[in-house]
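I opened this entry to record what I looked up in the structure. The topics are a pocket, a helix pair and aromatic rings.

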Amino acid sequence: MKKLGVLLIVLFIGYVAYYDISVGTLKASSPQAVETVAVQKSEKQDYQTVVVQQGDTVLSIISQLQKEDSNLNIEKISQDFRRLNDNLSPENIQVGKKYKFPIYSSS
């Protein structure tokens, strides 16, 4: 009975690895995949409302929205995202929903 249990666990892990490699859980989204809605200002913070696509993360969307390549502090991004989205954690975004993403200017 133990051998059957071990075999089932190995098969399950193999399936999960195959699914993750072939379909993927974190697909890289192209810049065209970001559906932008509006650019607005909120208390001295520019933001853009974006509909989240499958595979998007807060960091990937913000990097696509940036005009210039800059080194941004992840803690600041997280704080600004929470402030703009009613204290929602960046890890809790859902596909198909609109969220406000901070835009950082070089000035």
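Which element gives the largest share of the lining of the largest pocket? I worked from a predicted model, and I found that H3 supplies this share, with three residues.

**Pocket.** I noted that the largest pocket holds about 160 Å³ of space. I listed its lining as Asp-56, Thr-57, Val-58, Leu-59, Ile-74, Ile-77, Ser-78, Pro-90, Glu-91 and Ile-93. Two elements, helix H2 (58-65) and helix H3 (74-84), each give two or more residues to this lining. By class, I recorded six nonpolar, two polar and two charged residues in the lining of the largest pocket.

**Helix pair.** I next looked up how H2 and H3 are placed. Their axes come within 11 Å and cross at roughly 95°. I therefore entered H2 as roughly perpendicular to H3, as angles of 65 to 115 degrees count as such. On the H2 side, the contact is made by Val-58, Leu-59 and Ile-62; on the H3 side, Ile-74, Ile-77 and Phe-81 make the contact. I classed the residues of this contact as six nonpolar, no polar and no charged.

**Aromatic rings.** How many aromatic pairs does a search of the whole structure find? I recorded two. I looked up one of them, Phe-81 with Tyr-99. The ring centres of Phe-81 and Tyr-99 lie 6.2 Å apart and the planes stand at 45°, so I entered the pair as tilted. Phe-81 belongs to helix H3 and Tyr-99 to strand E3 (residues 98-103). With these positions 18 residues apart in numbering, I noted that the pair links distant parts of the chain.

Definitions and conventions. Residues are numbered from 1 along each chain as its sequence is written. This is a predicted model: local features need pLDDT of at least 70, side-chain atom pairs count only at pLDDT 80 or more; totals for chains, interfaces and linings use all residues. Side-chain values use heavy atoms; hydrogens and water are left out. On a 1 Å grid over the protein atoms alone, a cavity is a set of points where a 1.4 Å probe fits but cannot get out, and a pocket is an open set with protein on both sides within 12 Å along at least five of seven lines; lining residues have an atom within 4 Å of a point. Grid points are joined across faces, edges and corners, and a volume is the space filled by probe spheres set on the points. Helices (H or I, at least four residues) and strands (E, at least two) are DSSP runs, numbered from the N terminus. Ala, Val, Leu, Ile, Met, Phe, Trp, Tyr, Cys and Pro count as nonpolar, Asp, Glu, Lys and Arg as charged, and the others, Gly among them, as polar. Axes are lines fitted to C-alpha atoms, for helices over the stretch in contact, and angles run from 0 to 180 degrees between N-to-C directions. Angles under 35 degrees count as roughly parallel, over 145 as roughly antiparallel, 65 to 115 as roughly perpendicular and the rest as oblique. Contact means heavy atoms within 4.5 Å. Rings of Phe, Tyr and Trp (its six-membered ring) pair if their centres lie within 6.5 Å; planes under 30 degrees apart count as stacked, over 60 as edge-to-face and the rest as tilted.
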